[in-house]
2 protein chains.
Amino acid sequence: MARYRVGLETRERILSATRRLLAEVGIEGVTLKAITANARVGAGSFYNLFDSKDDAVFEVVREAIEAVDPDPAGAGTDSLEDLVDAFVAFMTGSSPIARIYLQLAGRGLTDPAIASRVLRSHRRRVERFADACRREDPSLGEGEAISRAEVILGALTGLGMTALVDPGFDMRYHARLLLPAAAGAGHPTRTG
Amino acid sequence: MARYRVGLETRERILSATRRLLAEVGIEGVTLKAITANARVGAGSFYNLFDSKDDAVFEVVREAIEAVDPDPAGAGTDSLEDLVDAFVAFMTGSSPIARIYLQLAGRGLTDPAIASRVLRSHRRRVERFADACRREDPSLGEGEAISRAEVILGALTGLGMTALVDPGFDMRYHARLLLPAAAGAGHPTRTG
DNA sequence: TACATCTTGGAGTGTCCGCTCCAGTTCTGC
DNA sequence: GCAGAACTGGAGCGGACACTCCAAGATGTA
């Protein structure tokens with residue numbers, strides 16, 4: 001929509017403001033008024049550059065998720081431990097995008113449009129983890145690797161949630177417990 | 001606040017309507033208007049019986065969480081597998097409270113009042129899982145048991161989230177992977 | 001029965017929201 | 001340096017929201 005230089009600059013200013021606000025007040029607190037005030041821009045300018053408020057929010061989240069990728073080139077050099085550590089850093093680090101991401105996921109539970117976007121991102125991440133699993137243990141089948149990835153990633157998400165709600169929770173410690181655990185589990189087993 | 005019989009009945013009708021609406025439209029879609037219309041009650045009656053809309057929502061969630069407890073008496077007879085299965089059923093079963101619970105947790109990420117309620121419930125559940133871990137392996141220390149419980153529960157929460165967003169996801173299968181996995185992990189270990 | 005207290009409905013209040021509209025301005029290609 | 005398209009701010013719209021107010025009626029108590 002933006003073609004002139006000034007328009008593109010305004011667009012960036014709006015995205016910055018949105019990013020800042022998401023970090024400060026979470027996804028529920030971000031209003032159009034706050035965004036435009038923060039970006040020093042009129043509502044008309046905003047709608048000249050974005051189709052809706054959510055459009056800007058999604059754009060910010062998308063960019064932020066891309067930014068934390070430890071191997072954006074897809075060289076396939078990251079170990080499972082690297083990925084887990086990166087995820088922990090992502091959840092507990094200074095970037096607030098993890099909180100936003102989980103809030104979006106929560107919304108996705110009743111909003112199909114959001115759900116599809118969240119799922120797409122989740123599946124990409126599962127693939128990445130599965131690849132690392134197979135690199136670590138080449139005898140693994142593809143399905144097994146995906147299962148392990150799903151479990152580790154699910155666990156990390158849940159632990160991240162706990163960490164975000166409970167500041168005293170040591171996510172790194174608990175996440176590390178997953179590494180040997182996941183390596184030992186290949187098939188669903190009855191224990192009782 | 002309610003003392004007469006009619007007031008108590010109205011209160012129940014309001015809670016029923018809230019419960020029904022939470023199930024149908026999720027936590028974001030529940031409005032006061034919808035609740036009062038559904039309960040066939042005026043706004044004034046609502047506020048005669050509840051302090052706020054959230055009050056009614058929390059009450060419903062609280063009751064629902066109590067209802068799914070497989071061992072409400074606290075007899076200590078539930079195995080880890082029982083608890084995991086119960087959690088899976090809770091997440092994938094017909095009751096919509098799991099979805100609401102996760103949505104509340106998401107809100108808790110930026111709303112401290114909600115966060116404290118969510119955390120309280122989470123800690124109770126962790127304790128229950130930890131007790132089951134120690135029953136399964138009495139040599140376990142208290143801290144170790146809590147760690148295992150935290151990991152299993154975190155994983156279940158994350159897997160539950162995936163299951164709710166992705167209807168094709170087999171949560172039961174993946175949750176079972178956690179059982180032998182958790183049993184083998186006691187201390188954080190470096191693997192790389 | 002007498003009467004204090006509780007319950008009721010729903011019109012109304014204040015607030016906030018996302019978004020539209022548009023007249024005026026700035027930008028860029030030619 | 002002109003034409004036309006892109007950009008701008010901000011008043012204002014329509015509607016949703018949680019919540020208040022209160023007169024009238026129902027209920028429980030002595």
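This note describes a predicted model in numbered points.

1. Conventions. Residues are numbered from 1 along each chain as its sequence is written, and chains are lettered from A and ligands numbered from 1 in the order in which they are written. In this predicted model, local features need pLDDT of at least 70 and side-chain atom pairs count only at pLDDT 80 or more, while totals for chains, interfaces and linings use all residues.

2. Chain A. The secondary structure consists of nine helices and zero strands (helices are DSSP runs of H or I with at least four residues, strands are runs of E with at least two, numbered from the N terminus). The C-alpha atoms of chain A occupy a box of roughly 60 × 35 × 30 Å along the principal axes.

3. Relation of the chains. A turn of 180° with a shift of 0.0 Å along the axis lays chain B on chain A with an RMSD of 0.1 Å (least-squares superposition on the C-alpha atoms of residues with pLDDT of at least 70 in both). That is the relation of a two-fold axis. In chain B, the C-alpha of Ala155(B) is nearest the axis, at 1.6 Å.

4. Surface near DNA strand C. Of the 24 residues around the strand, Arg5(A), Gly44(A), Gly7(B), Gly42(B) and Gly44(B) come nearest (a residue is near a strand if its C-beta atom, placed from the backbone, lies within 6 Å of it). The element α3(B) gives the most to this surface, with four residues.
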